[in-house]
Amino acid sequence: MSTRIAFLKGHGTENDFVIVPDPENAIELPPTAVAALCDRRAGIGGDGLLHVVRSAAHPEAKEMAAEAEWFMDYRNGDGSVAEMCGNGVRVFARYLQRAGHVAEGDIAIATRGGVKSVHLAKDGAVTVGMGKAVLPEGDVTVSVGERSWPARNVNMGNPHAVAFVDDLAHAGNLFTPPPFAPAAAYPDGVNVEFVVDRGPQHVALRVHERGSGETRSCGTGACAVAVAAARRDGADPAVTGTPSTYTVDVPGGRLVITEHPDGEIEMTGPAVIVAEGELDAEWLDTVKF
């Protein structure tokens, strides 16, 4: 492949991403290419890939172009397509700011999970409007080895199973997806969060992200955990009439999640760009673009 392809590397609470700027949607990114780019030994390395495209240039985002100029075409580390990634949205916004496409303040970003409102603060924090959680009915369990736990089914534009445990070590190695039941609850797989309490409205998690394995952070997962914890603690904002804020520690840092009485959820955390460059032409020839 003769075309030079630019890339950047960024992370949000150590949930890291390969960033491929492609405003006119001219670069094909089949799953094999995405997986190669995200490979931590033979590629750049990342939990996922952020394909930066103008909404008007992408068939999945054209209808959102009037609301949001930019579309986050997000892929998991294995090359599969994903609906949404909360940490990814923050890093995506930070890239747009670095590239001069947006300034501090409020912006809108299109995703497969809808248009997300983002605020770029002067102190470097990025707040993302994550929309509303959906809590499907029905009992769910997740298992690791001989242990199993009841889990709260929470959908944040992507599916989550939230299990409260006594020790995060009980989650095991999380290299492979923890088994869940019933299978019909998550026909396309699920992100599984294991959660412990750290203090009042303060929790910590480990997560297996569908298509990526254990990651250092998961933004939608942190939101799902905060929602599940609020319901468990009797702090449902729709019932109390006041916002509910939880501090959520992830292996890669800390996120602050606020759910408002109307159900809207906001996530605040850091987003960092760490490198940029061009993919090597000889290496590209070995990758099945």
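I take a polar contact to be a pair of N or O atoms within 3.5 Å, one able to donate a hydrogen and the other to accept it. The model I am reading is predicted.

Entry on lysine 116. I looked up this residue in strand β6, which spans residues 114-120, and found that a polar atom of the lysine 116 side chain lies 3.3 Å from the backbone oxygen of glycine 113. I then asked which side chain of opposite charge is nearest to lysine 116. That side chain is glutamate 264, 7.4 Å away, and I noted that lysine 116 is buried yet has no salt bridge. Leaving out residues up to four places away in sequence, I listed the residues that lysine 116 touches, among them Met84, Ile107, Thr111, Val128 and Met130.

Entry on cavities. I found 2 cavities of 30 Å³ or more, and the largest has a volume of about 90 Å³. Of the 14 residues lining this largest cavity, those closest to its centre are Asn76, Met84, Asn158, Asn191 and Glu209, while β4 (70-76) and α3 (219-232) each supply at least two residues of the lining.

Entry on aspartate 249. I located this residue in strand β15, residues 244-250, and I count aspartate 249 as buried because its relative accessibility is 15%, where the cut-off is under 20%. The side chain of aspartate 249 makes a polar contact of 2.7 Å with the side chain of histidine 202, and another polar contact, also listed at 2.7 Å, joins the side chains of aspartate 249 and arginine 254. Beyond four places in sequence, I also recorded contacts of aspartate 249 with residues including Arg198, Val203, Ala204 and Leu205.

Methods
Residues numbered from 1 in each chain as written. Predicted model: local features only at pLDDT ≥ 70, side-chain atom pairs only at ≥ 80, totals over all residues. Heavy atoms only, no water. Helix = DSSP H or I, 4+ residues; strand = E, 2+ residues; numbered from the N terminus. Buried < 20%, exposed > 50% of the residue type's maximum accessible area, 1.4 Å probe, protein only. Lys, Arg positive; Asp, Glu negative; His and termini not counted. Salt bridge = Lys/Arg side-chain N within 4 Å of Asp/Glu carboxyl O. Contact = heavy atoms within 4.5 Å. 1 Å grid on protein atoms, 1.4 Å probe; cavity = no way out; pocket = protein on both sides within 12 Å on 5 of 7 lines; lining within 4 Å. Points joined across faces, edges and corners; volume = space filled by probe spheres on them.
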